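Thank you for asking for a reading of this model. The points below are meant for someone opening it for the first time, and they are best followed with the structure in view.

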Amino acid sequence: MANSDAVAAAFANGPAYVPYLVVGDPDYESSKAYVEALDRGGADVIELGLPFSEPIAEGSTIQEALVRSLDAGMTPDRFFAFAEELDVDAALVCMTYYNLIYQYGEGEGPRPFVERAAATGIQGLVVPDLPGEEAGPLREACDEFGLDLVFIVAPTTRADRLDRLMERVSGYVYVQARLGTTGARDDVSDQTTESLDRLREYDVPKAVGFGISTGEQAEHIVAGGADGIIVGSALVDIVAEGVAEDLSTAAVADRLEALSRELKEGAERGHRSRTEPVESA
Amino acid sequence: MSETDTRTTEEMSRRPGRERGRDDGKFGRYGGQYVPEALMPAIEELADAYERYVLNNEDGFMDEFRERLADFGGRPTPLQRADRLSERYDTEVYLKREDLLHGGAHKLNNALGQVLLAKYMGKERIIAETGAGQHGTATAMAAAHLDMPCTIYMGERDINRQRPNVFRMKLNGSEVKPVTTGRGTLKEAISETMRDWAETVEDTHYVIGSIVGPHPFPVMVRDFQAVISEEAREQAIEKTGGLPTDVVACAGGGSNTMGTFADFVDDESVALHAVEAGGSTLEVDEEEGVAPNSASLYTGDEGVLHGARTKLLQDSDGQIMESHSISSGLDYAGVGPELAYLVDEGRVDPVAVDDDAALEGFHRLSNTEGIIPALETAHAFGYLEEHHEELGERVVVNVSGRGDKDLDAAIEETDQRDVANAPDMSMFTGGM
């Protein structure tokens with residue numbers, strides 16, 4: 001089920017905290033300090049965003065972060081250098097759009113990108129504009145180089161599609177908590193519980209994302225059966241505040257670490273609260 | 001009487017030239033469905049509706065579409081001989097007058113088809129993106145006509161360039177939402193509309209304005225626009241006794257292009273010329289991420305944008321370039337996957353005409369034929385001037401839209417240049 005041992009291990013011991021940040025936001029060096037703060041805060045897997053100019057699946061928070069990073073000169077090669085230089089314990093997953101994967105390096109198709117990603121220590125990929133139907137060549141390259149290919153399951157994903165997606169997924173499945181684009185929300189939708197119910201029979205870790213911003217929400221979602229929580233916009237918001245308020249890199253890193261602890265602890269509380277054994281399907 | 005008169009609507013939609021891509025949305029290596037998972041069910045639902053209503057005329061959809069195109073839209077549009085251009089180029093030049101369609105551009109063919117389809121599908125709301133505002137105004141008209149609430153996303157820069165079209169959309173009852181990200185043009189508006197759709201997909205239909213995006217949009221938009229070539233082919237045979245030697249259309253995303261070419265693709269004797277915006281130059285500024293043109297067929301590389309694999313203006317990393325053209329309707333970094341395929345196959349000849357030549361074309365058609373074309377359309381006439389010696393004896397040019405919306409831009413652009421055939425406009429531009 002998992003190509004990468006590191007990703008499998010991240011979900012093996014209790015709920016996984018999976019934070020996301022845009023690499024290079026607002027600049028290369030600060031960004032490195034921020035990602036390392038997530039690691040200190042308890043991250044099990046870190047999703048590193050490689051910015052694309054047309055991010056159709058992102059809401060305004062992440063979209064603006066992608067623009068900040070691109071404006072500061074982020075490129076796929078600098079992204080890989082960044083991943084190589086990182087000093088973290090968490091498993092690393094790259095989240096980007098397919099055109100960047102497709103165009104990278106010499107020759108046709110996604111293989112050069114995956115080969116380079118593997119060499120820099122990246123363990124998996126999330127590609128929001130690549131549904132299972134178009135993922136054949138990327139799946140092949142990921143298998144060749146031992147990377148996981150994570151797919152997103154949406155509230156609108158129907159049962160027949162779910163089966164097909166589950167045949168192709170590895171590492172973990174990204175459960176989209178509600179319709180729409182990324183972005184922090186106050187409430188976590190009922191669609192989450194419904195989605196988790198539908199996924200119960202599949203033997204792959206389920207990480208819920210879209211809209212999680214507090215420890216309480218993390219607790220609620222893990223108590224509801226999630227194996228992990230994915231948090232993006234709430235963390236990117238902290239980076240954006242740092243830019244707006246001209247805060248020091250250390251101050252922003254501290255905030256990121258603090259929120260990370262809150263989220264991770266929330267997830268662990270949620271896990272402990274599952275007193276009843278999981279119903280067998 | 002022409003042979004086509006005896007064919008039913010359904011038979012027309014089964015023309016072999018329109019079979020390409022219908023099954024799986026693939027045109028050779030191009031096309032596909034590169035969209036977020038959340039949109040996949042909506043796209044599958046749309047593909048199913050396309051097959052039932054458009055291809056199989058279920059519930060008489062195509063009959064109602066054709067009737068509304070005639071009564072509301074004013075179809076068929078004429079194929080008119082351009083007497084003075086014919087004389088100038090010593091070849092027969094015919095104009096397919098899509099500028100006479102309701103709204104002043106070919107865009108209504110597609111907008112009316114999709115809004116009607118949304119209605120048949122039980123959707124309750126329409127969203128659309130627009131560049132020049134032509135697709136937005138067409139969608140707003142169709143939505144008002146069919147009593148559907150409608151929201152149009154438009155780049156802020158385009159809003160400033162196309163104010164009259166913004167008013168038209170609002171007059172028809174649509175909400176216009178400005179898009180401020182990026183350079184504020186069509187590609188940002190498309191991204192923003194996709195975001196809205198990702199949130200509202202269950203009750204909302206996204207009316208894409210060109211033969212771009214994920215399957216089934218490229219085939220569906222082509223089929224709605226193919227009425228242009230269906231009529232033009234029949235009219236050419238009736239009026240001239242045979243097929244044209246050449247068909248010319250401007251190309252941005254490619255909806256008027258593919259609509260004009262569709263039924264001619266299988267006529268091997270007919271040369272098809274897709275005229276792109278060459279902008280100020282075909283050179284790109286990789287450092288700044290700017291391509292000062294919109295010539296994705298002519299100069300672009302394969303890539304994935306807005307749901308499809310196609311030819312794109314992109315840098316070596318795969319970031320999408322900011323395109324540029326004096327006509328905002330051609331200002332797009334991608335192009336329909338079917339056109340990309342037909343270019344690779346050698347069936348469609350991609351050519352680029354720069355801003356200056358397009359502006360001359362604008363003035364030429366205005367002062368010789370009494371037709372003020374859209375700046376998009378003007379590129380086709382720029383091509384005619386530059387390449388008429390390479391064309392055969394009977395040329396059909398699609399007049400995709402009228403130029404009323406472009407008057408301010410045309411006057412301003414003319415004022416900045418030395419355009420040989422332009423009238424003295426100084427009294428209008430503060431130069432007096």
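1. A convenient place to begin is helix α14 of chain B, residues 337-344, of which 7 of the 8 residues are buried, so that the helix is largely enclosed by the rest of the structure. The buried residues of α14(B) are Pro337(B), Glu338(B), Leu339(B), Ala340(B), Tyr341(B), Leu342(B) and Val343(B). After α14(B) comes Gly346(B), which has a positive phi, near 80°. Please keep in mind throughout that this is a predicted model.

2. What does α14(B) lie across? The helix lies across β9, β10 and β13 of chain B, and its course runs at about 110° to β13(B). Another helix, α15 of chain B (residues 355-369), packs on the sheet as well, where it touches β10 and β13 of chain B and makes an angle of about 90° with the direction of β13(B).

3. The sheet in question is open and has 6 strands, in the order β3-β4-β14-β9-β10-β13 (chain B), and its pairing is mixed. At its edges stand β3 (79-81) and β13 (348-354) of chain B, each with a single partner strand, so one side of each is left without a neighbour in the sheet. From one strand to the next the twist averages 30°.

4. Within that sheet, strand β9 (residues 246-251) of chain B and strand β10 (residues 271-279) of chain B pair in the parallel sense, over 6 bridges. A useful marker for finding this pairing on screen is Ala249(B), which stands opposite Ala274(B) in β10(B).

5. Chain B also offers a pair of helices that deserves a look: the axes of α3 (residues 61-71) and α5 (residues 107-120) of chain B come within 10 Å and cross at roughly 140°. That angle makes α3(B) oblique to α5(B), and the crossing of α3(B) and α5(B) is right-handed. On the α3(B) side the contact is made by Phe61(B), Glu64(B), Phe65(B), Arg68(B) and Leu69(B), which meet Asn109(B), Leu112(B), Gly113(B), Leu116(B) and Tyr120(B) in α5(B). Sorted by class, the residues in this contact of α3(B) with α5(B) are 6 nonpolar, 2 polar and 2 charged.

6. Turning to chain A, the reader will find an open sheet formed by 9 strands, in the order β5-β4-β3-β2-β1-β9-β8-β7-β6 (chain A), with parallel pairing. Its edge strands are β5 (148-150) and β6 of chain A, each of which pairs on one side only. Helix α12 of chain A (residues 249-272) packs on this sheet, touching β1 (16-22) and β9 (228-231) of chain A, and its direction makes about 150° with that of β1(A).

7. Also in chain A, strand β7 (residues 173-176) and strand β8 (residues 206-209) pair in the parallel sense over 4 bridges. Here Tyr174(A) stands opposite Ala207(A) in β8(A).

8. How many residues of chain A are in contact with chain B? There are 32 such residues of chain A, and they are in contact with 25 residues of chain B. The elements that give two or more residues to the chain A side are α5 (98-103) and β6 (152-153) of chain A, and the largest share of that side, 5 residues, comes from α5(A). By class, the residues on the side of chain A that touches chain B divide into 15 nonpolar, 11 polar and 6 charged.

Technical notes:
Residues are numbered from 1 along each chain as its sequence is written. Chains are lettered from A and ligands numbered from 1 in the order in which they are written. This is a predicted model: local features need pLDDT of at least 70, side-chain atom pairs count only at pLDDT 80 or more; totals for chains, interfaces and linings use all residues. Two residues are in contact if their C-beta atoms, placed from the backbone, lie within 7 Å. Ala, Val, Leu, Ile, Met, Phe, Trp, Tyr, Cys and Pro count as nonpolar, Asp, Glu, Lys and Arg as charged, and the others, Gly among them, as polar. Axes are lines fitted to C-alpha atoms, for helices over the stretch in contact, and angles run from 0 to 180 degrees between N-to-C directions. Angles under 35 degrees count as roughly parallel, over 145 as roughly antiparallel, 65 to 115 as roughly perpendicular and the rest as oblique. A crossing is left-handed if the near helix is turned anticlockwise from the far one by less than a right angle, and right-handed if clockwise. Two strands pair if DSSP finds at least two bridges between them. A residue is buried if 20 or more other C-beta atoms lie within 10 Å of its own, exposed if 12 or fewer, and partly exposed in between; C-beta atoms are placed from the backbone.
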